[in-house]
Amino acid sequence: ELHVAMTAERGSDAPRKPRIIAVGSGKGGVGKSTVSTNLAVALQRAGHRVGVVDADIYGPSQSRLLGTEGQRPIARDKQLIPVQSRWGVPVLSMAHLAEPGQAIAWRGPMAGNALVQMLEGDWTDVDVLIVDLPPGTGDIQLTMLQRFKPDGAVIVSTPQDLALIDATRAIGLFDKGGVPVIGLIENMAGYACPHCGEVSDPFGHGGAEATALSGDHPFLGRIPLDIVIRQESDAGTPPAAGDGPQAEAFVRIAQRVAA
Ligand code: ADP
């Protein structure tokens with residue numbers, strides 16, 4: 001079952017904490033950040049109050065993807081106030097904290113500290129926090145598991161064998177940490193040629209679904225390799241915020257995540 005309760009318990013005086021859904025991948029470049037953004041926007045459009053933390057400290061991309069480049073979060077009582085995007089999804093990313101284009105040459109403890117500050121930002125108006133993790137199974141993932149145990153994890157992979165082997169490692173980390181794996185998403189699955197319409201599979205087909213099933217994890221769906229997704233993402237207008245066919249795959253996946 002996919003159930004991760006999407007609303008925090010009510011009735012207590014403690015400040016409401018959002019549910020954390022971590023989005024991970026074994027490899028970089030498989031579309032984990034793109035999926036995080038569009039999953040957040042699709043959940044927001046479905047009526048959830050969603051925020052995004054970009055935990056990819058060394059390669060932050062959420063400010064670009066959500067169109068919030070150049071904005072700076074303010075701090076109130078030492079707590080970061082998230083930056084508002086046009087899509088109703090507030091966000092905190094290293095990209096908002098570091099100078100644009102400058103290398104982020106931080107050692108592990110400082111990177112972990114940045115993660116903590118972003119996760120302890122003012123998320124009181126948010127029910128679901130999507131955390132875009134760095135690829136792999138390193139320090140940041142461990143800090144995340146130890147200090148802010150996610151309520152669920154979503155794994156993104158391409159259909160390619162190598163990406164899937166690493167995705168299996170990422171799943172193993174969450175399994176070990178007692179974090180329920182909500183399911184796998186296969187990205188860059190099938191490419192429709194804009195000229196002749198023929199669909200080809202540059203990275204193979206069906207691998208993520210097979211991997212999910214072999215590990216008894218749900219398969220959440222596939223997203224095609226589509227030039228419009230790349231163009232809109234680069235422009236800071238998430239495809240899931242539009243009404244084009246590109247939004248559909250994300251909407252379906254968001255429904256499964258929220259079910
Ligand atoms: P990761 O977070 O795994 O490193 P990104 O989300 O940054 O990956 O995606 C890597 C590149 O691939 C980006 O240029 C992005 O726009 C592009 N991309 C991701 N998913 C798709 C897709 N389904 N179709 C087309 N381009 C995609």
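Which residues touch the most other members of the largest nonpolar core? In this predicted model, that core has 71 residues, and the ones with the most contacts to fellow members are Ile21, Val23, Leu39, Ile130, Val131 and Val154. Let's follow a few of these names through the structure.

Start with strand S6, which covers residues 128-132. Five of its five residues are buried. Here's a handy bit of background: side chains in a regular strand take turns pointing to one face of the sheet and then the other. In S6, one side carries Val128, Ile130 and Asp132, while Leu129 and Val131 sit on the other, and all of them are buried. So both faces of this strand are covered.

Next, look at what S6 pairs with. Strand S1 (residues 19-24) runs parallel to S6, and five bridges join the two. One of the residues to find here is Val23, whose bridge partner in S6 is Asp132. Strand S2 (residues 50-54) is also parallel to S6, again with five bridges. There, Val53 has Val131 as its bridge partner.

Now find Leu39. Skipping its neighbours within four places in sequence, Leu39 is in contact with Val23 and Ile130, plus Phe250, Ile253, Ala254 and Val257.

Finally, head over to the ligand. It is surrounded by 17 residues, and the closest are Gly31, Lys32, Ser33, Thr34 and Arg230. Helices H1 (32-45) and H8 (227-234) each give at least two residues to this shell, and so do strands S8 (181-192) and S10 (219-225). What mix of residues makes up the shell? Five are nonpolar, nine are polar and three are charged.

Notes: Residues are numbered from 1 along each chain as its sequence is written. This is a predicted model: local features need pLDDT of at least 70, side-chain atom pairs count only at pLDDT 80 or more; totals for chains, interfaces and linings use all residues. A residue is near a molecule or strand if its C-beta atom, placed from the backbone, lies within 6 Å of it. Helices (H or I, at least four residues) and strands (E, at least two) are DSSP runs, numbered from the N terminus. Ala, Val, Leu, Ile, Met, Phe, Trp, Tyr, Cys and Pro count as nonpolar, Asp, Glu, Lys and Arg as charged, and the others, Gly among them, as polar. A residue is buried if 20 or more other C-beta atoms lie within 10 Å of its own, exposed if 12 or fewer, and partly exposed in between; C-beta atoms are placed from the backbone. Two strands pair if DSSP finds at least two bridges between them. A nonpolar core is a set of buried Ala, Val, Leu, Ile, Met, Phe, Trp, Tyr and Cys residues joined through C-beta atoms within 7 Å. Two residues are in contact if their C-beta atoms, placed from the backbone, lie within 7 Å.
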